[in-house]
Amino acid sequence: MNRIDRRFDDLKKEGKKALITFITAGDPDIDTTYDIVLALEEAGADIIELGIPYSDPLADGPTIQASSQRALAKGIKIKDIMDLVMRIREKSDIPIVYLVYYNSVFKYGIEKFLEDSKKAGVDGLIIPDLPLEERKEVLDIADKYEIYLIPLVAPTSKERIKAITENGKGFVYCVTLTGVTGAREEIATDLEEYMRLVSSYTSMPKALGFGISGPEMARKLKSLSDGIVVGSAIVERIAKGYNRCEMLKEVKEFVSSLREVL
């Protein structure tokens, strides 16, 4: 059983929701990313979503775009991130998912990317710009290496939700709004209707992400899903320019406050 399945099964038995935390690998540097991942787990994160920096991240708002640029400016390479996951695996068995843009996978080589991800200890991939029509090749190779291709749906997906979720595994990443990532004060989408629609097409666990700014919003949304994804609000705290100890403390306190409400 994949680590993602195990984690959702355990949380369901405990009556809890999954806390999925996103950070950009290599921001501010690869060694600090290692420390942040372990801090996130200590604070109660259930799944780590590691963003692979990309020069034109279409789904990401200014906060995560800036974190990608900082990591790329440091010369971060995919091989460095694979090595990072291997280091994490010496200490932790937490489920790890890459958020990666398709061009990065294609340039690295689809088969090699998935083979190296498996060797490193990655459990799943989210590829936000992978067209449904081109998914089969990636899906077949992902299945070969027992890595989950996690489907991503949006309020605008509507009748395409069935096709998008059909061969997905792990959980459905349900984007809360039309637009890019970034912490928001409120979300205008009719999420109850949206989640009813997603649930009518798939029984996979569902996680809500994009725009979730803190514990109050997480508390309001948790009844609608099996998990909550928080990214920009964490990345903002990493970017504030504290020294490493202060930054790790602030990130841990924030993630702990999310865990408490879930």
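Is Asp 123 buried or exposed, at 4% relative accessibility? Asp 123 counts as buried, because its relative accessibility of 4% falls under the 20% cut-off. Keep in mind that this is a predicted model. Let's start with the sheet and then come back to that residue.

## The sheet

Nine strands make up an open sheet, and their pairing is parallel. Going across, the order is β5-β4-β3-β2-β1-β9-β8-β7-β6. At the edges sit β5 (148-149) and β6 (152-153), each of which pairs on one side only. Strands β4 and β5 pair in the parallel sense through two bridges. Look for Leu 125 there: its bridge partner in β5 is Leu 149.

Helices pack on this sheet too. Helix α4 touches β2 and β3, and its direction makes about 165° with that of β3. Helix α11 touches β1 and β9 (227-230), with its direction at about 45° to that of β1.

## Strand β2 and its neighbours

Now zoom in on β2, which covers residues 47-51. Five of its five residues are buried, so the strand is largely enclosed by the rest of the structure. Both faces are covered: Ile 47, Glu 49 and Gly 51 are buried on one side, and Ile 48 and Leu 50 are buried on the other.

Which strands does β2 pair with? On one hand there is β1 (residues 18-24), which runs parallel to β2 and is joined to it by five bridges. To get from β1 to β2, the chain passes through helix α2 (residues 30-43), and this β-α-β crossover is right-handed. On the other hand there is β3 (residues 96-99), also parallel to β2, with four bridges between them.

Glu 49 is a handy landmark here. Glu 49 is the bridge partner in β2 of Phe 22, and Glu 49 also stands opposite Val 97 in β3.

Over in β1 you'll find Ile 23, which is buried with a relative accessible area of 1%. Setting aside neighbours within four places in sequence, Ile 23 has contacts that include Thr 33, Ile 36, Val 37 and Leu 40, along with Glu 49, Leu 50 and Gly 51. Ile 234, Val 235 and Ile 238 are among its contacts as well. For a sense of scale, Ile 23 and Glu 111 are 88 residues apart in sequence and 25 Å apart in space, C-alpha to C-alpha.

## Salt bridges

How many salt bridges does the count come to? The count is 25. Here are some of them, with the distance between the closest N and O atoms.

| Pair | Closest N and O atoms |
|---|---|
| Asp 46 and Arg 259 | 2.4 Å |
| Arg 89 and Asp 123 | 3.1 Å |
| Arg 237 and Glu 250 | 3.9 Å |

Take Asp 46 and Arg 259, which form a salt bridge. Asp 46 is in the loop between α2 and β2 while Arg 259 is in helix α12 (residues 244-261), so the pair ties together parts that are 213 residues apart in sequence. Asp 46 counts as buried at 7% relative accessibility, and Arg 259 is buried as well, with a relative accessible area of 17%.

Arg 237 and Glu 250 form another salt bridge. This pair links helix α11 (residues 232-239), home of Arg 237, to helix α12, home of Glu 250, with their positions 13 residues apart in sequence. Arg 237 is buried, with a relative accessible area of 19%, whereas Glu 250 is partly exposed at 22%.

## Back to Asp 123

Where does Asp 123 lie? Asp 123 lies in the loop between α6 (110-120) and β4 (124-126). Its salt-bridge partner Arg 89 belongs to helix α4 (residues 78-91), 34 residues away in sequence. Arg 89 counts as buried too, at 17% relative accessibility.

The pair is part of something wider: Arg 3, Arg 6, Arg 89, Asp 93 and Asp 123 are linked in a network of salt bridges. The side chain of Asp 123 also reaches the backbone nitrogen of Ile 96, at 2.8 Å. Leaving out neighbours within four places in sequence, the residues in contact with Asp 123 include Asn 2, Arg 3 and Ile 4, as well as Ile 94, Pro 95, Ile 147 and Tyr 148.

How values were computed:
Residues are numbered from 1 along each chain as its sequence is written. This is a predicted model: local features need pLDDT of at least 70, side-chain atom pairs count only at pLDDT 80 or more; totals for chains, interfaces and linings use all residues. Side-chain values use heavy atoms; hydrogens and water are left out. A polar contact is a pair of N or O atoms within 3.5 Å; within protein, one must be able to donate a hydrogen and the other to accept it, and residues adjacent in sequence count only if both atoms are side-chain atoms. Contact means heavy atoms within 4.5 Å. Buried means under 20% relative accessible area, exposed over 50%, partly exposed in between (1.4 Å probe, protein chains only). Two strands pair if DSSP finds at least two bridges between them. A crossover is right-handed if, with the strands pointing away from the viewer, the path from the first strand over the helix to the second runs clockwise. A salt bridge is a side-chain nitrogen of Lys or Arg within 4 Å of a carboxyl oxygen of Asp or Glu. Axes are lines fitted to C-alpha atoms, for helices over the stretch in contact, and angles run from 0 to 180 degrees between N-to-C directions.
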